[in-house]
Amino acid sequence: MNVDYQVLTFKNKIKARDIGGLGVELDQRKGSGNYDKERTQYNKEYVGLDNHPTLLSKVYETIYTRNIHFNKGDNTNLLNGCVVTSGLEFFRKLGLPMKDTGRVHVEGNHIGEPIFCPDIKSSEDIPEKVLEYFDESYQFLSNIVGKENVVYAGVHLDEDTPHMHFYWLPVVDHVKRKVFETDEHGKRITKQIYTKDNVIKNVPIQKKDEKGKAVFEIEYGKFLNSDEFWKQLGGKASYAKIQDQYNEHITSKGFELDRGQVGANKHHQDKAEHKIKELNYKIEQLTEELERTKSMNEIELKTRNEIKNLDEDDILNPSKDIFKRYKDKDVEKLRDYSIDIKKENIASKNTIKQKEVKIEKLENEIKQFKSGKSYADKEKVIANQEKIIAEQKSEIEEQKGIIESLKEELSNLKQKIDEIRNLAWAKLNEAYLAIAHLLGFKNVDRENVSHSEMEYYAQIINDKHEPRHEKSTKDRSDDYEL
């Protein structure tokens, strides 16, 4: 009996620079997934962008309007996320129709098996049990993180496997602050240390109690703090705890899912890398078929050579002295018969060897069926084994060329991205410094401009000077005076 497993994949280090691409994928369905635009209309959102132009703008507006304290550096973890799903067989059991994508798995336990995806042509094709499963998953996660902190939650049915994306602000009601030594004027006392680059740096001295333990103080309010969020849920054990609680909740609602193992989080593969794996798998298949065909041809060629070069010793060649009483014509017939017998014997050996090659292939296919590493539907096991060697060699070389081309293209693309990024950051620094002066900020650190915060203020300025955004400008100007 096949076991269906729950899959909860957490990501707790989503910074401002990550949210741009994430928002485009969630809202515009552009990214590394296999998106079927005909099925995109059947996706379901619990919490959307709510008329915000981007996910990042919604995140910052939520933070500021709720007066959530946060570190304004670019390395701040603004969001946490979770992807909820299970295997395709689980959704099939819930009644979701499936269709063959024409692609096969190139890794894992199902290598070589066809990849299926939801076959949705109308909303009626989506079973209520599938929607109920995601409804319960959304309610469970919302209760843990607080519904007011959820900035996006939606079910995607336009990819290979149905899944839910769930993103929230890791807000806590208190944080533990370090207490530092101060002088009589209340100024922090520092000491000099050497960094790993052998540079002298002044750092504040943390205060310690009479037992030599570091002193902390509790500050209450609303704070964006991912580390503290997970600490308050149980620290290192928090992930396992949530997995246990989720399994108890979802099974109580009638969904038979095994809890599985913690720590089996899977990340989306880069599209190009996945394409390379598919091509490598195809090359392996073609190479195996090529070797089998070469073996068959070698046997055939050897057989022809043996028949062509029959030794006189292998042919019945009777002495005329022994067969004087026989007519020459009869002796020739006997000799011809001997040659025919020898040829037939060689041909039989050839047939046996060729059948051994075929039997070996069939035995391998049987082993694959027994191990579950072949096609799920036996009717689909129709391998094309009659391609000539030249065609197979050509295709193998072509696929290898594509792989090399993709690798080179990826390398060039990464280099161009680095060049563009460096230029963009330099220009952004200049623009953001101008924004800072426009807003009246003083003593702006030119080397550590908070791009994320400045992007938010730039949006405020744009809204104020664009008539089509009069309503949103009015709302913002009430809180932020420019």
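Six bridges join β1 to strand β3 (residues 79–85), and the two run antiparallel. This is a predicted model. The briefing starts with the sheet around that pair, then turns to a hairpin, two helices and the salt bridges.

**The five-strand sheet**

- Within the β1–β3 pairing, I14 has L79 of β3 as its bridge partner.
- The sheet is open and has five strands, in the order β1-β3-β7-β6-β2.
- Pairing in this sheet is antiparallel.
- Strands β1 and β2 (44–47) form the edges, since each pairs on one side only.
- From one strand to the next, the twist averages 15°.
- Strands of a sheet pair through backbone hydrogen bonds, and the pairing can be parallel or antiparallel.
- In a regular strand, side chains alternate between the two faces of the sheet.

**A helix on the sheet**

- Helix α5 packs on this sheet.
- The strands α5 touches are β2, β3, β6 (150–156) and β7 (163–168).
- The direction of α5 makes about 15° with that of β7.

**The β9–β10 hairpin**

- Strand β9 covers residues 190–194, and strand β10 covers residues 200–204.
- These two strands pair in the antiparallel sense over five bridges.
- One residue pair to find is I193 with its bridge partner K201 in β10.
- Together β9 and β10 form a hairpin, with five residues between them.
- In the turn, N198 has a positive phi of about 65°.

**Helix α1**

- Helix α1 runs over residues 16–28, which makes 13 residues.
- At 1.5 Å a residue, α1 should span 18 Å.
- Its end C-alpha atoms are 18 Å apart, so the model agrees with that expected span.
- Buried residues in α1 are A16, I19, L22, G23, E25 and L26.
- An α-helix has 3.6 residues a turn, so residues three or four places apart point the same way.
- Just after α1, R29 takes a positive phi of about 60°.

**Salt bridges**

- Side chains of opposite charge can pair when their charged atoms come close.
- The model has twelve salt bridges by the rule of a Lys or Arg side-chain nitrogen within 4 Å of an Asp or Glu carboxyl oxygen.
- One of them joins D4 and K93, whose closest N and O atoms are 3.0 Å apart.
- D4 lies in the segment before β1 (7–14) and K93 lies in helix α4 (residues 88–93), so this pair ties together parts that are 89 residues apart in sequence.
- D4 is buried, at a relative accessible area of 11%, whereas K93 is partly exposed at 48%.
- E132 and K129 form another salt bridge, with closest N and O atoms 3.7 Å apart.
- Both sit in helix α5 (residues 128–145), three residues apart, so about one helical turn separates E132 and K129.
- E132 is partly exposed at 30% relative accessibility, and K129 is partly exposed at 33%.
- D244 and R259 meet through their side chains in a salt bridge of 2.6 Å, N to O.
- This pair links distant parts of the chain, 15 residues apart: D244 is in helix α7 (residues 238–252), and R259 is in the loop between α7 and α8 (271–308).
- At 40% relative accessibility, D244 is partly exposed.
- R29, D158 and E159 are joined into one network by salt bridges that share partners.

Notes
Residues numbered from 1 in each chain as written. Predicted model: local features only at pLDDT ≥ 70, side-chain atom pairs only at ≥ 80, totals over all residues. Heavy atoms only, no water. Pairing = 2+ DSSP bridges. Helix = DSSP H or I, 4+ residues; strand = E, 2+ residues; numbered from the N terminus. Buried < 20%, exposed > 50% of the residue type's maximum accessible area, 1.4 Å probe, protein only. Axes fitted to C-alpha atoms, helices over the stretch in contact; angles between N-to-C directions. Contact = heavy atoms within 4.5 Å. Expected span 1.5 Å × (residues − 1).
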